Amino acid sequence: MSLDPTNLGDLFRRDFDFNQVALIDLGGESSPREFTFAQLDAMANAVARGLEQLALLPGTRIGILSANRAEFIASYLGIMRAGLVAVPVNYKFPQKMIDFVLADSGAQLVFCDALRAPQIPSTLPKIVFNQNNSEGFEHFINPGPYCSVIPKPDQIAMILYTSGSSGQPKGVMLSHQSHIWVAKTRLGKNNWSKHRFLIAAPMYHMNALALTKLAILAHAQMILLPQFNAKEYIQATEKYRCTWLTAVPPMIAMMLQETELLKRFDLSSVEFLRMGSAPISPKLLEAIHQALPNTKVTNAFGTTEGGPVVFGAHPQELEQPTISVGYPHPEVSLRLVDENNLPAKEGILQMKSPGVMLGYHQSSLRDPIPNPFSPDGFYSTGDIFRKDEKGFYYFVGRSDDMFVCGGENIYPTEVERLLESHPDIQAAAVVPVEDYIKGQKPVAYVVKNHNSMLTESEVKGFCLANGPAYQHPRWVIFLDALPLASTNKIDRVFLKIHAKNHLAKTD
């Protein structure tokens, strides 16, 4: 195959060595399991043939509820090859939310691993990856050649659900063409076939799915962990001499906390580290450069709705500032607008590109979802950015995370960066609590460096001395680690509830 695929489930390069190892699965039943490109391709075909025997209508939704494993990838690819719609489901969701996603999407069948099989509603048929009976994966698949369906323009390939942090999860409809463009654009003219990609982020998330498709198109090797674990992440990086890491910042921060392990393991093979999906602090970047001095670190930005191709290098080859996410990619149109939808130097980021979603899945199970597109076709991300005089963009915060204290807008990310600049603070998260006079006030959750004697009054004093008074946290709560949501980002919903309950007890 040339670089002109039409079906997102079929990105394999048959002009390369098909007997090369494509995937080392560290989370299967007997670990590790190796699969060549030929074997992974054949498994995807077998899934597509098995689905074809069910005589499902084109566009039928098929769920996947599983930790990372080879069969997840094969099922995901096979579903799309058959002209059906893949719906990866966040297995870290509570049962009520899993039920909602399956019902909202209209899933007619679910692929799952044995651990999560009991979470599938009894009304839905399921195919279980590691189970030897009539519901088992091996019993379902139908080995043999398969010719992938050629999708129509704007045909849906997958529906990825948002985290639901601001309400019910929303189904993001993504087409074959949009994410073929994403994979091809990210690869460009690079020959990355010698790279080894370590994938530990959950595959129900855009981060891991996009990297998987890029690795397949690049004909590069994937090292697949079932889920993120800092110690296993370090060990796998050394053992398999991984060259490419992609993660959200909290994952890397957790890895860097394993100081004794890092001293004993050689991570010099890592050439690239791409971080996105959450803000990154200068302190974390400095720690990364110390631990991985030979690694090129990219501070990236992307959304489920808009894809991972948004920013890139400056056309004049100017060096990207430390916490900037880069310069607009040449194939992406960006603009910043204020609350009145007028141009602004700091405002909501709107974008237009071939990688943007078709729209949100509108279901009878929910109230109508507001249209996120402007009349001229720009998708509004809801993220606040600022742009400098050289055209570089900087993430300020989520518009829905912003809160008002005494008439002043507070973006948690800005306060967190200030807190994390303190030499004794390892990580911080800021959330609002209701206040009768001010409307809302900031509460800071802080992780201190080991053996630090830092006090609440010292944290407040530092913020007052180095930032606007209205931003300083009125309360400081120390934790051993910040809680993470199912996407490995900071769980702000949990912290808001915790802050409210904690302060109620101290009143």
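Biologist: In this predicted model, where do helix 5 and helix 6 lie in the chain, and at what angle do their axes cross?

Modeller: Helix 5 covers residues 176–187 and helix 6 covers residues 206–218; their axes come within 9 Å and cross at roughly 65 degrees. The crossing is right-handed.

Biologist: What makes this a contact between helix 5 and helix 6?

Modeller: Contact requires heavy atoms within 4.5 Å. His-179, Ala-183, Lys-184, Arg-186 and Leu-187 make the contact from helix 5, and the helix 6 residues include Met-206, Leu-211, Lys-213 and Leu-217. Together, the contact residues divide into eight nonpolar, one polar and three charged.

Biologist: Why are helix 1 and helix 2 called oblique to each other?

Modeller: The axes of helix 1 (residues 37–52) and helix 2 (residues 70–81) cross at roughly 55 degrees and come within 7 Å. An angle under 35 degrees would count as roughly parallel, one over 145 as roughly antiparallel, and 65 to 115 as roughly perpendicular. The crossing of helix 1 and helix 2 falls in none of these ranges and is therefore oblique. Helix 1 passes helix 2 in a right-handed crossing.

Biologist: Which residues of helix 1 and helix 2 make the contact?

Modeller: Among them are Leu-40, Met-43, Asn-45 and Leu-51 of helix 1, and Ile-73, Ser-75, Leu-77 and Gly-78 of helix 2. By kind, the contact has 11 nonpolar, three polar and three charged residues.

Biologist: How do you know that strand 11 and strand 12 pair?

Modeller: Pairing takes at least two bridges. Four bridges join strand 11 (residues 244–247) to strand 12 (residues 272–275), and the two run parallel. In this pair, Thr-246 of the one stands opposite Arg-274 in strand 12.

Biologist: To which sheet do these strands belong, and in what order do its strands come?

Modeller: Strand 11 and strand 12 sit in an open sheet of seven strands, in the order 2-1-10-9-11-12-13, with mixed pairing.

Biologist: What makes strand 2 and strand 13 edge strands?

Modeller: Strand 2 (33–36) and strand 13 (296–299) each pair on one side only. Within the sheet, neighbouring strands are turned by 15 degrees against each other on average, direction ignored.

Biologist: Which strands of the sheet does helix 2 touch?

Modeller: Helix 2 packs on strand 1 (21–25), strand 2 and strand 10 (221–224), and its direction makes about 130 degrees with that of strand 1. Another helix, helix 7 (residues 230–239), lies across strand 9 (196–199) and strand 11, running at about 160 degrees to strand 11.

Biologist: What is the strand order of the sheet with four strands?

Modeller: This open sheet has the order 16-17-19-20 and antiparallel pairing. Strand 16 (333–337) and strand 20 (393–398) are its edge strands, each pairing on one side only. From one strand to the next, the twist averages 45 degrees.

Biologist: How do you know that strand 19 pairs with strand 20?

Modeller: Five bridges join strand 19 (residues 379–387) to strand 20, against a requirement of at least two. One of the residues involved is Asp-383, whose bridge partner in strand 20 is Arg-398.

Biologist: Why does the radius of gyration agree with that of a compact globule?

Modeller: A compact globule of 507 residues would have a value near 23 Å, and the protein has 23 Å, which agrees. Its C-alpha trace spans about 70 × 55 × 50 Å along the principal axes, and the protein contains 13 helices and 25 strands.

Terms used
Residues numbered from 1 in each chain as written. Predicted model: local features only at pLDDT ≥ 70, side-chain atom pairs only at ≥ 80, totals over all residues. Heavy atoms only, no water. Axes fitted to C-alpha atoms, helices over the stretch in contact; angles between N-to-C directions. Left-handed = near helix turned anticlockwise from the far one by under 90°. Nonpolar A, V, L, I, M, F, W, Y, C, P; charged D, E, K, R; others polar. Rg over C-alpha atoms; globule rule 2.2 N^0.38 Å.
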